[in-house]
Amino acid sequence: MAGKQFPSPAHSRSASASSRRLLAAVAASLILLTASYFLLLSPSSHRSAPAILANPSATTSFLASLDRFLSDPHPSASAAAPVELDAAIRVQEDARLYGDPTWPAPAAGLLRVYVYEMPSKFTYDLLRLFRDSYRDTDNLTSNGSPVHRLIEQHSIDYWLWADLIALDSQRLLKSVIRVQQQEEADIFYVPFFTTISYFLLEKQECKALYREALKWVTDQPAWQRSEGRDHVIPVHHPWSFKSVRRSVKKAIWLLPDMDSTGNWYKPGQVYLEKDVILPYVPNVDLCDHKCVLETQSKRSILLFFRGRLKRNAGGKIRSKLVEELKSAKDIVIEEGSTGAQGKAAAQDGMRKSFFCLSPAGDTPSSARLFDAIVTGCIPVIISDELELPFEGILDYREIALFVSASDAVQPGWLLKYLRGINAKRIREIQSNLVKYSRHFLYSSPAQPLGPEDLTWRMIAGKLVNIKLQIRRSQRLVKESRSICTCECRVGNTTRML
């Protein structure tokens, strides 16, 4: 047949030998893959977990990061608003509308943030006040908690701002970028340290500073254009900025939770469509994959709790739980605070326990939920009104147990429920805790999938609705009709495993 070539005998022998070598290599590879597959399935496997922090040199220490931050200059990078800001924004939006097929969603997930250059009395001066007084004071709150430790727990304003204004060469996040021109911004960030000022200034001095900050922000053309709807304000402690909140209720608040009792936030001030829940800064050290494996044999306590045993509002559940659990075997319930000794005791107890109790406090949230997560202790959440950080992104059913308050106080119910969870399920949740820990560790530089990153991703998801509310407010006749809001809240219910 024309064009058809037949191999020579020598070529056939060579090809046959090559084929045998190829088959042998394939067989060996299959054996290795099979062994690896079953090793991965094994619950006792000691394989390495993914790195918690993308950059091993990153620090999660507030004090260490703050010292470094204050020692480095941060040159101004924000321009003043143009004379006709609204017109300039329309030009930018038209360009994106006809040139970017993803707009108004952030292009490629990139959120553009303009950071205000506020006077130093609202920013650097407060950070220096905290740093300079940290080691020289034993100031306590009325319930005995160290003031500076409380500030650290709510220091989300520092972590977000420090990352936003860092040099591009030092930043790792790809979800957010700082812009210098206001007309280019999707969102405006207000870097006022509301928690530090609340705790470290005298009451009247603090209120005066709040009023000054309010006037400064509300005088900005961008605020007046949107009435603050595209402005982000960190108010992470329930008492911070409280005296002027009614004047900024349309802004995006960064909160620890949403309290439905009205004790902390008035009706109409906070709701999930507008605001973002952020985790507390953990008070204990991270227990990574290796640590969880090493502490597994030491976990002899079924359920652990260390904190204030008497609280107000929803936190009254604590005293009821104490009464129910105080004499039970393998249960540790202790009174404690967040000081240095308290940290050591809490960390030691959590690393020796399978489950950590996370009941409501004065507000529905509790800092010990995040302490439990980063120590590999499975949280048992008893807080029917709780809203959780980044729940549009994270599925907390993978890392926590949810128990209704009514079930938890029934005689014997909680212990029977926990003792009924098998070892395989416990290992699965512990493995998930290791994987999820990175989402709750603030750091410098901020890490991909860390809490700073997820904050901006959550805000990016609200962007279309923010622009909708701004444009409606600009064209509606004042007082003709109210711009409705929606608060989506469903109480937690017990889910059996």
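How many bridges join strand β1 to β2? Select residues 111–115, which make up β1, and you'll find three bridges to β2, with the two strands running parallel. Strands here are DSSP E runs of at least two residues, helices are H or I runs of at least four, and both are numbered from the N terminus. Two strands pair if DSSP finds at least two bridges between them.

Before going on: this is a predicted model, where local features need pLDDT of at least 70, side-chain atom pairs count only at pLDDT 80 or more, and totals for chains, interfaces and linings use all residues. Residues are numbered from 1 along each chain as its sequence is written, and side-chain values use heavy atoms, leaving out hydrogens and water.

Still on β1, pick Leu-111: opposite it in β2 stands Val-176. Now show the whole open sheet, six strands in the order β2-β1-β3-β4-β5-β6 with parallel pairing. At its edges sit β2 (176–178) and β6 (276–277), each pairing on one side only.

Next stop: helix α8, residues 203–218. Its 16 residues should span 22 Å at 1.5 Å a residue (1.5 Å times one less than the number of residues), and its end C-alpha atoms are 23 Å apart, which agrees. Colour Cys-206, Leu-209, Tyr-210, Ala-213, Leu-214 and Val-217: these are buried (under 20% relative accessible area, with exposed over 50% and partly exposed in between; 1.4 Å probe, protein chains only). Look down the axis of α8: its buried residues fall within an arc of 140° (taken from the directions from the helix axis to the C-beta atoms), so they line one face. Turned away from that buried side are the exposed Gln-204 and Lys-215.
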